[in-house]
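Trainee: I've got a model open and I'd like to talk it through with you. Can we go over it one question at a time?

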Amino acid sequence: MSISSNFLFLIGKKQRVKIDEVMSQWSDVLSGIPQGSILGPVLFIIYINDLIESSGEDAKIYLFADDARLYNHIKSRVDAKISQSKNDKFTNWAHSTKV
């Protein structure tokens, strides 16, 4: 079994949730990039580098910080089918990269 580089970046990191004055138990962080890290933005860019290519060259994707949004103007059934195809490719990319 290999350990992903993302996991190595998070070894020893823990998190918990606070709601009002109640705290959850600590849990290991198994994925993601710690907020405020210097490497975070660079790792994000490397990680999603193939997203646009995977969704199709003409896919319209907004990328900002740690967010990606696929969009399209739909004026006909053909537009809807094209948009769905791009959404499917986007979803397949997300599943294959375990986002």
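Trainee: How many salt bridges does the structure hold?

Mentor: First, the ground rules: this is a predicted model, where local features need pLDDT of at least 70, side-chain atom pairs count only at pLDDT 80 or more, and totals for chains, interfaces and linings use all residues. Residues are numbered from 1 along each chain as its sequence is written, and side-chain values use heavy atoms, with hydrogens and water left out. A salt bridge here is a side-chain nitrogen of Lys or Arg within 4 Å of a carboxyl oxygen of Asp or Glu. By that rule, the count in the structure is one.

Trainee: Which side chains meet in that salt bridge, and at what N to O distance?

Mentor: The partners are D28 and K14, at 2.5 Å. D28 lies in strand β4 (residues 27–28) and K14 in strand β1 (residues 14–15), so the pair ties together parts 14 residues apart in sequence. Helices (H or I, at least four residues) and strands (E, at least two) are DSSP runs, numbered from the N terminus. To repeat what you asked for: D28 and K14, 2.5 Å from N to O.

Trainee: Is D28 buried, partly exposed or exposed?

Mentor: Buried means under 20% relative accessible area, exposed over 50%, and partly exposed in between (1.4 Å probe, protein chains only). K14 has a relative accessible area of 49% and is partly exposed. D28 has 48% relative accessibility, so D28 counts as partly exposed.

Trainee: In what order do the elements run from the N terminus?

Mentor: There are four helices and six strands to place. From the N terminus on, they go α-β-β-β-β-α-α-β-β-α.

Trainee: Which residues make up the largest nonpolar core?

Mentor: A nonpolar core is a set of buried Ala, Val, Leu, Ile, Met, Phe, Trp, Tyr and Cys residues joined through side-chain atoms within 4.5 Å. The largest one has eight residues: I48, L51, A59, I61, L70, F90, W93 and A94. Helix α4 (residues 77–97) gives the largest share of this core, three residues.

Trainee: What is L51 in contact with, leaving aside neighbours within four places in sequence?

Mentor: Contact means heavy atoms within 4.5 Å. With those neighbours set aside, L51 has I61, L63, A68, F90 and W93 as its contacts.

Trainee: And where is the place of L70, in which strand?

Mentor: Beyond four places in sequence, the contacts of L70 include A59, I61 and F90. L70 is also 8.9 Å from S55, C-alpha to C-alpha, with their positions 15 residues apart in sequence. The strand you want is β6.

Trainee: Why do the buried residues of α4 sit on the same side?

Mentor: The buried set is S83, K86, F90, W93, A94 and T97. They cover an arc of only 100 degrees around the axis, taken from the directions from the helix axis to the C-beta atoms. In general, an α-helix has 3.6 residues a turn, so residues three or four places apart point the same way. The arc that puts them on the same side of α4 is only 100 degrees.

Trainee: Which elements do the buried residues of α4 pack against?

Mentor: On the other side of α4, exposed residues include R77, V78 and K81. S83 is buried, with a relative accessible area of 11%, and touches N72 and I74, not counting residues up to four places away in sequence. The packing partners of the buried residues of α4 are α2 (40–47), α3 (51–55) and β6 (67–71).
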